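Visitor: I'm new to this one. Can you walk me through it?
Guide: Yes, go ahead and ask as we look.

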Amino acid sequence: MDHFNVISIVYLIIIIGLIALFVVSFTLFIRRLLINSSIKSNRSIEIEKKLDKIIELLEIDKKPINKEYYHMQS
């Protein structure tokens with residue numbers, strides 16, 4: 001009977017260890033997901049700012065040039 005007690009205690013320790021390992025792994029996985037999503041969010045915000053700047057510069061380039069400039073070159 002004593003032999004079965006040792007086996008069940010070892011089995012219980014293994015099961016508790018596996019459950020603890022699962023909880024730690026799941027927690028680290030969720031943490032990594034949240035960190036990566038915030039990094040991607042920051043990157044997309046930076047890209048949006050750069051695109052806005054490019055659009056602004058393109059709109060400045062599209063403004064009509066004064067007719068005086070063309071007369072001076074003729």
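Guide: What follows is a short run through the fold, the surface and a few side chains.

Visitor: Okay, what kind of model is this?
Guide: It is a predicted model.

Visitor: How many helices and strands are there in the protein?
Guide: The protein has two helices and zero strands. Helix α1 covers residues 2–62.

Visitor: And what share of the residues counts as buried?
Guide: Of the 74 residues, 0% count as buried. The accessible surface comes to about 7,600 Å², and 68% of that surface belongs to carbon and sulfur atoms.

Visitor: Switching topic: how many aromatic pairs are there?
Guide: The count comes to one aromatic pair. Phe22 and Phe26 form that pair, and their rings are stacked. The centres are 6.0 Å apart, with 20 degrees between the planes.

Visitor: Why give both a distance and an angle?
Guide: Because a pair of aromatic rings is described by the distance of the centres and the angle of the planes.

Visitor: Where do the two Phe residues sit along the helix?
Guide: Phe22 and Phe26 are four residues apart in helix α1, so about one helical turn separates them.

Visitor: Are they buried or exposed?
Guide: Phe22 has a relative accessible area of 57%, so it is exposed. Phe26 is at 45%, so Phe26 is partly exposed.

Visitor: What about charge, which residues form the negative surface patch?
Guide: Glu48, Asp52, Glu56 and Glu59 form it.

Visitor: Take Glu56. Where is it found?
Guide: Glu56 is in helix α1. Its relative accessibility is 42%, so Glu56 counts as partly exposed.

Note on methods:
Residues are numbered from 1 along each chain as its sequence is written. This is a predicted model: local features need pLDDT of at least 70, side-chain atom pairs count only at pLDDT 80 or more; totals for chains, interfaces and linings use all residues. Side-chain values use heavy atoms; hydrogens and water are left out. Patches are made of residues with over 30% relative accessible area and no salt bridge: like charges are joined within 9 Å, nonpolar side chains (Val, Leu, Ile, Met, Phe, Trp, Tyr) within 5 Å. Accessible areas come from the Shrake-Rupley method with a 1.4 Å probe; for residues, only the protein chains shown count as cover. A salt bridge is a side-chain nitrogen of Lys or Arg within 4 Å of a carboxyl oxygen of Asp or Glu. Lys and Arg count as positive and Asp and Glu as negative; His and the chain ends are not counted. The place of a charge is taken as NZ of Lys, CZ of Arg, CG of Asp or CD of Glu. Buried means under 20% relative accessible area, exposed over 50%, partly exposed in between (1.4 Å probe, protein chains only). Rings of Phe, Tyr and Trp (its six-membered ring) pair if their centres lie within 6.5 Å; planes under 30 degrees apart count as stacked, over 60 as edge-to-face and the rest as tilted.
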